[in-house]
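Trainee: Please choose one part of this model and take me through it closely, from its internal arrangement to the places where it is linked to the rest of the chain.

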Amino acid sequence: QVQLVESGRGLVQAGGSLSLSCSASGNIFSINRMGWYRQAPGKQRELVAEITSGGSTNYADSVKGRFTISRDNAKNTVYLQMSSLKPEDTAVYYCNLKNGPIREYDDYWGQGTQVTVSS
């Protein structure tokens, strides 16, 4: 069984910074993608950023240049450094693990962590 544990929730003023981390445990395949999604009230869950086990990254247009995703494969941990935060970044952020190669992976989710950006 795979578990994802997130940390780093917080309240920050617009323009500020915040870091999130997520550690995965269990049967983790060497080929996988880890990432962050977010869901604001009344909106669908959306991809924020993801990173492959090889280090390739993908960002939502809305966060490019402001957020940085990274990972430590030895620790099965993914990080999200958020800067220049805006009120519209307010959401519950969910860690995601796509465990396995593309088209053959299993999806796992963290419990979610609240990020609130005040104006």
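Mentor: Two strands pair if DSSP finds at least two bridges between them, and a strand is itself a DSSP run (E, at least two residues), numbered from the N terminus. The model is predicted, so to speak of local features requires pLDDT of at least 70 and side-chain atom pairs count only at pLDDT 80 or more, whereas totals for chains, interfaces and linings use all residues. Residues are numbered from 1 along each chain as its sequence is written, and side-chain values use heavy atoms, with hydrogens and water left out.

The part I choose is an open sheet of four strands, ordered 1-3-8-7 and paired in the antiparallel sense. Its edges are formed by strand 1 (3-7) and strand 7 (67-72); each of these has a single partner strand, so one side of each is left without a neighbour in the sheet.

Within the sheet, strand 1 and strand 3 run antiparallel and are joined by five bridges. Val5 stands opposite Ser23 of strand 3 in this pairing. Strand 3 (residues 18-25) also pairs with strand 8 (residues 77-82), in the antiparallel sense and over six bridges. Two positions illustrate that second pairing: Leu18 has Met82 of strand 8 as its bridge partner, and Ser21 stands opposite Tyr79 in strand 8. In reading the residues along any one of these strands, it helps to recall that in a regular strand the side chains alternate between the two faces of the sheet.

The loops on either side of strand 8 deserve attention. Asn76 belongs to the loop between strand 7 and strand 8, and its phi is near 50 degrees, a positive value in a residue other than glycine. With a relative accessibility of 22%, Asn76 counts as partly exposed; on this scale buried means under 20% relative accessible area, exposed over 50%, and partly exposed in between (1.4 Å probe, protein chains only). Ser84, in the loop between strand 8 and strand 9, likewise is a residue other than glycine with a positive phi, near 50 degrees. Its relative accessible area is 40%, which places Ser84 in the partly exposed class.

How is strand 3 tied to strand 9? The model holds one disulfide (a pair of cysteine sulfur atoms within 2.5 Å). This disulfide joins Cys22 to Cys95, with the sulfur atoms 2.1 Å apart. The torsion about the S-S bond is -85 degrees, and the link is left-handed. Cys22 lies in strand 3 and Cys95 in strand 9, so the disulfide ties together parts that are 73 residues apart in sequence. Both Cys22 and Cys95 are buried. Strand 9 also contains Asn99, which is buried at a relative accessible area of 2%.

From strand 9 one may continue to strand 4. Strand 9 (residues 91-99) and strand 4 pair in the antiparallel sense over eight bridges, and Met34 has Leu97 of strand 9 as its bridge partner. Strand 4 is mostly covered, since seven of its eight residues are buried. Strand 4 pairs with strand 5 (residues 46-52) as well, again in the antiparallel sense, over six bridges. Strands 4 and 5 form a hairpin with six residues between them, and Gly42 in the turn has a positive phi of about 80 degrees.

Tyr37 brings the account to its last link. Its position is opposite Leu47 of strand 5, and Tyr37 is buried, with a relative accessible area of 15%. The structure holds one aromatic pair. The pair consists of Tyr37 and Trp109, whose ring centres are 5.0 Å apart and whose planes stand at 70 degrees, so the pair is edge-to-face. Rings of Phe, Tyr and Trp (its six-membered ring) pair if their centres lie within 6.5 Å, and planes under 30 degrees apart count as stacked, over 60 as edge-to-face and the rest as tilted. Since Tyr37 lies in strand 4 (residues 32-39) and Trp109 in strand 10 (residues 106-109), the pair ties together parts that are 72 residues apart in sequence. Trp109 is partly exposed, with a relative accessible area of 35%, whereas Tyr37 is buried.
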